[in-house]
Amino acid sequence: MDRLTDFVVLVTGGARGMGASHVRGLVAEGAKVVIGDVLDDDGRALADELGKPALFVHLDVTDEQSWKDAIAATEEAFGPVDALINNAGVVQFKPWLKTTTAEWRRVLDINLTAQFIGIREILPSMLKTGRGGVVVNVSSTAGLQGFAAEPAYVASKWGVRGLTKAAALEFAQQGIRVVSVHPGVVETPMTTEVTEESYVAQPIPRKGRTAEVTALMIYLLADATYSTGSEFVIDGGAVLGPVVPVPLEED
Ligand SMILES: NC(=O)c1ccc[n+]([C@@H]2O[C@H](COP(=O)([O-])OP(=O)(O)OC[C@H]3O[C@@H](n4cnc5c(N)ncnc54)[C@H](O)[C@@H]3O)[C@@H](O)[C@H]2O)c1
């Protein structure tokens, strides 16, 4: 349990759901973790539970000054940042013709533009360590295929996939790895309304567990030293398409 000893990590959207699971998992591996979120009560409660290696900062990822303040607080508490997990996100299930421009912009702002701002603001801190760094951008299977009635979400998650590749090339010479993660349906507050229908035909026919995605995060931060710009899919096989029963041949 010491794969990330003294690694300094900022997790956006770290107060609940997958983000909170990552925070717990990273602390268990020896990291010092900053929970950045707009959910102050949940974020503080998690930081209190974890004690010294965790700090909550109020971070609205759409706000540039909020990033500057969060990074300053991180450096003051733990020193320069080794890794950023761009995890904060929102979903909007709404048909195209009913989606307003303001709703479209809000989803794009939180899910995509915020990742661009976050990388720009955190790079100077990462460069201070002299040992490179890692950025993990959370996309989705909605960044690999289309889904009806969630146009802004799909566009934002495809954008994350492209942004990741651009950043991976631009910061390679500084020793910064940038990768994207593409979960399928995972059991969190975001998916309480997702019905069984959407995953029963998957090769692994259940929702994913947050701990399964956290295990991937730890691998990406600690061990994936030969990967950058890559897409890491964790979806029970969902993007393969539905399982169709095939009778076994008899000899
Ligand atoms: N749950 C899934 O099935 C699933 C699948 C694929 C991708 N994802 C992605 O995984 C990430 C985490 O999702 P989750 O399922 O844990 O959802 P969640 O709703 O439980 O958590 C999202 C977190 O992001 C925070 N957040 C929202 N807006 C923010 C802002 N402006 N500034 C800072 N924090 C903000 C929320 O407060 C919350 O803590 C998201 O990017 C989501 O799109 C989720």
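This report walks through the ligand site, a pair of strands and the salt bridges of a predicted model.

## Around the ligand

Let's start with the pocket residues. The ligand has 28 residues around it, and those that come nearest are Arg 16, Asp 37, Tyr 153, Val 186 and Thr 188. Sorted by class, this shell holds 15 nonpolar residues, nine polar ones and four charged ones. Two helices are worth finding on your screen: helix 1 (17-28) and helix 5 (151-170) each contribute at least two residues to the shell.

## Polar contacts and burial

Oxygen atoms of the ligand take part in several polar contacts. For Thr 188, a polar side-chain atom sits 2.6 Å from a ligand oxygen. Lys 157 also uses its side chain, with an N or O atom 3.0 Å from an oxygen of the ligand. Gly 184 takes part through its backbone instead, where an N or O atom is 3.2 Å from a ligand oxygen.

How much of the ligand does the protein bury? On its own, the ligand exposes 830 Å², and the protein buries 94% of that area.

## Strands 6 and 7

Next, have a look at strand 6 (residues 176-183) and strand 7 (residues 231-234), which pair in the parallel sense over four bridges. Within this pairing, Pro 183 stands opposite Ile 234 of strand 7. Helix 6 (residues 210-222) joins the two strands in a β-α-β unit, and that unit is left-handed.

## Salt bridges

The model has a count of 14 salt bridges. One of them links Arg 3 and Asp 223, whose closest N and O atoms are 2.5 Å apart. Arg 3 belongs to the segment before strand 1 (8-12), while Asp 223 lies in the loop between helix 6 and strand 7, so this pair ties together parts 220 residues apart in sequence.

How values were computed:
Residues numbered from 1 in each chain as written. Predicted model: local features only at pLDDT ≥ 70, side-chain atom pairs only at ≥ 80, totals over all residues. Heavy atoms only, no water. Pairing = 2+ DSSP bridges. Right-handed = clockwise from strand over helix to strand, strands pointing away. Near = heavy atom within 4 Å. Polar contact = N/O pair within 3.5 Å; in protein donor to acceptor, adjacent residues only side chain to side chain. Areas by Shrake-Rupley, 256 points an atom, 1.4 Å probe, with all protein chains shown as cover. Nonpolar A, V, L, I, M, F, W, Y, C, P; charged D, E, K, R; others polar. Salt bridge = Lys/Arg side-chain N within 4 Å of Asp/Glu carboxyl O.
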